[in-house]
Amino acid sequence: MFGGQVAAPINSPHLRRSGSRAVVSDLGAELGNGVENSYVHPLELNGSKNASIPLVTAAIVPSPTLLWRFKVLLFLLWGFICGKTGWQSVMRMSADLRDLFLYEAFLYYNPLLLVTTMVWLWGINLWVFSGSNINYAKIFDLDQNHLTHREIWKCATWMTIVVPTSMTAYLYLYSNGEVSLAASQPVLLYFAVVMLLIFPFDIFYFSSRYYLLRALWRIVLPFQAITFPDFFLADILTSMAKVFSDIERSVCRMVHRQVATIAWFEADSVCGSHSVAIPLVLVLPYLFRFFQCLRQYRDIGERSALLNALKYSTAVPVIFLSALKYHVLPESWTNFYRPLWLLSSVLNSLYSFYWDVARDWDFSFARMFKFNKSHLYSHLLHGRTWVYFWVIGSNLILRCTWTYKLSAHLRNNYLTVFTIAALEIFRRFQWIFFRVENEWNKINSRPNMQVSMNDPSDDEVKLLSSSAGGYNV
């Protein structure tokens, strides 16, 4: 566990005869271990009491296991302190304001908690890919400095620490009457997140941050050939539509200085639950994917791209028909718009489920969950029939509940909405495994073609690659 002693060889010139003085010498250079400031301990040799062997003592370094346990202990202690402080702060509030401000605090922090969950699960995806010999770096066109699963988990750990700490500070300060300081907590957190993403200097995974921002830019403005990473990230964004909607409402209240107040509670408030901005933000990820599919059809002329675009267009009626509840008469909603909303929800869920199973996935299980080294997870998951039933069944159920989070009129219980949004992220986490494996199988099945430097341009090469792969995400 700790650094031990290194003995000099018997024929070392540093050994002295019996009765000679102890000699302190630098053995680090001769032994080649780089140890500095070494010192000598006497040691009996071959039963001679006066014989001594100089020893080099390495620096005492805690073992990685001990350090890991210490970090886990600190993490659990931090979680206990945050939980206890937050609970005491909530109980200190008056009963009539407690639920209201819990709802508001949850609005500010639940988007970042869901993003943190997504980062943790993405790290698990990368861990499985690296263990099952799926070259995800080649699939996503990553450079040598791309983040590994360990670095992803390190980022997720810091997010897990920072976000709940800020939420605890918000509750504690407000319950103790420091309203202005409490209102500054979510503002500072959101500002820090934005600055961290756009910070222009080469620190904190600059190349990875640049890769993410560049991919987001291509998703918003699809003026170039669509690549697999563009499709892939845009699909993940559709699962986080609720996250973007809550971020919009949070930023709206920050801009209008309604944090830690009840001004937003009015129905006609620009930042209230009846705001027209809610459905507009919810629909944006689906519009991005819709236009990507149209761009793909324009570039390569595949009919499946139009069918894929139709799939994303079915989410639009679900979102806007739900929002109409707050802007039409109750009789009109019950007799006309509500049946239409139910019909559009069923159509969207079933169409999306069909596309997941028939187009996005490949259930060959040739590589997925088959690790290079013997592993318990590989034994439990690789080639097991129950995995088929679990993935298909859970995907169908979560596709149906997915419409709940897209429907503004069903958002009265924020804990229920948060749970369903988290389950949708888990569904996407499962989807990633089989979608990436399917893409890897396509890459390996393509014929090896040598392309010279004078051959088609980069955009044309991307189009040829897209056509061969059939990116039906």
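Here is a short chat about the helices, salt bridges and buried residues of this predicted model.

Reader: What am I looking at, and how many helices and strands does the protein chain have?
Author: This is a predicted model, where local features need pLDDT of at least 70, side-chain atom pairs count only at pLDDT 80 or more, and totals for chains, interfaces and linings use all residues. Residues are numbered from 1 along each chain as its sequence is written, and side-chain values use heavy atoms, with hydrogens and water left out. Helices (H or I, at least four residues) and strands (E, at least two) are DSSP runs, numbered from the N terminus. For the protein chain, that comes to 17 helices and 2 strands.

Reader: What share of the 473 residues in the protein chain is buried?
Author: Buried means under 20% relative accessible area, exposed means over 50%, and partly exposed is in between (1.4 Å probe, protein chains only). Of the 473 residues in the protein chain, the buried ones make up 42%.

Reader: Which helices help cover the buried residues of α6?
Author: Helix α6 covers residues 179–198, and its end C-alpha atoms are 30 Å apart, which agrees with the 28 Å that its 20 residues should span. That expected span is 1.5 Å times one less than the number of residues. Its buried residues include A182, A183, Q185, P186, L189 and Y190. Among what covers them are α3 (95–131), α5 (149–175) and α9 (241–255).

Reader: And which residues of α7 are buried?
Author: With 15 residues, α7 reaches 21 Å from its first C-alpha to its last, close to the 21 Å expected. The cover over its buried residues includes α6, α8 and α10. Those buried residues are R209, A215, R218 and I219.

Reader: How many salt bridges are there?
Author: Side chains of opposite charge can pair when their charged atoms come close. Here a salt bridge is a side-chain nitrogen of Lys or Arg within 4 Å of a carboxyl oxygen of Asp or Glu. D356, R399, E424 and R427 are even linked in a network of them. By this rule, the count is 10.

Reader: How far apart are the closest N and O atoms of D230 and R218?
Author: D230 forms a salt bridge with R218. The pair links distant parts of the chain, with D230 in helix α8 (residues 228–239) and R218 in helix α7 (residues 206–220), 12 residues apart. Both D230 and R218 are buried. Their closest N and O atoms are apart by 2.8 Å.

Reader: Is D246 buried or exposed?
Author: In helix α9, D246 sits 4 residues from K242, about one turn of the helix, and the two form a salt bridge with their closest N and O atoms 2.3 Å apart. D246 also forms a salt bridge with R249, at 3.1 Å, and those two lie 3 residues apart in α9. K242 is buried at 7% relative accessible area, and R249 is buried at 6%. D246 has 1% relative accessibility, so the residue counts as buried.

Reader: Are α8 and α16 roughly parallel or roughly antiparallel?
Author: Their axes come within 10 Å and cross at roughly 165°, with α16 being residues 414–445. Axes are lines fitted to C-alpha atoms, for helices over the stretch in contact, and angles run from 0 to 180 degrees between N-to-C directions. Angles under 35 degrees count as roughly parallel, over 145 as roughly antiparallel, 65 to 115 as roughly perpendicular and the rest as oblique. That makes α8 and α16 roughly antiparallel.

Reader: Which residues does R295 touch?
Author: R295 belongs to helix α10 (residues 277–300) and is buried, with a relative accessible area of 15%. Contact means heavy atoms within 4.5 Å. Not counting residues up to four places away in sequence, R295 touches P222, F223, Q224, A225 and I226.

Reader: How far apart in space are L342 and P317, C-alpha to C-alpha?
Author: L342 lies in helix α13 (residues 330–360) and is partly exposed, with a relative accessible area of 38%. In sequence, L342 and P317 are 25 residues apart. In space, C-alpha to C-alpha, the two are apart by 10.0 Å.

Reader: What share of contacts between residues at least 6 apart in sequence joins residues at least 24 apart?
Author: This value is for the protein chain, and the count starts from contacts between residues at least 6 apart in sequence. Among them, the share joining residues at least 24 apart is 72%.
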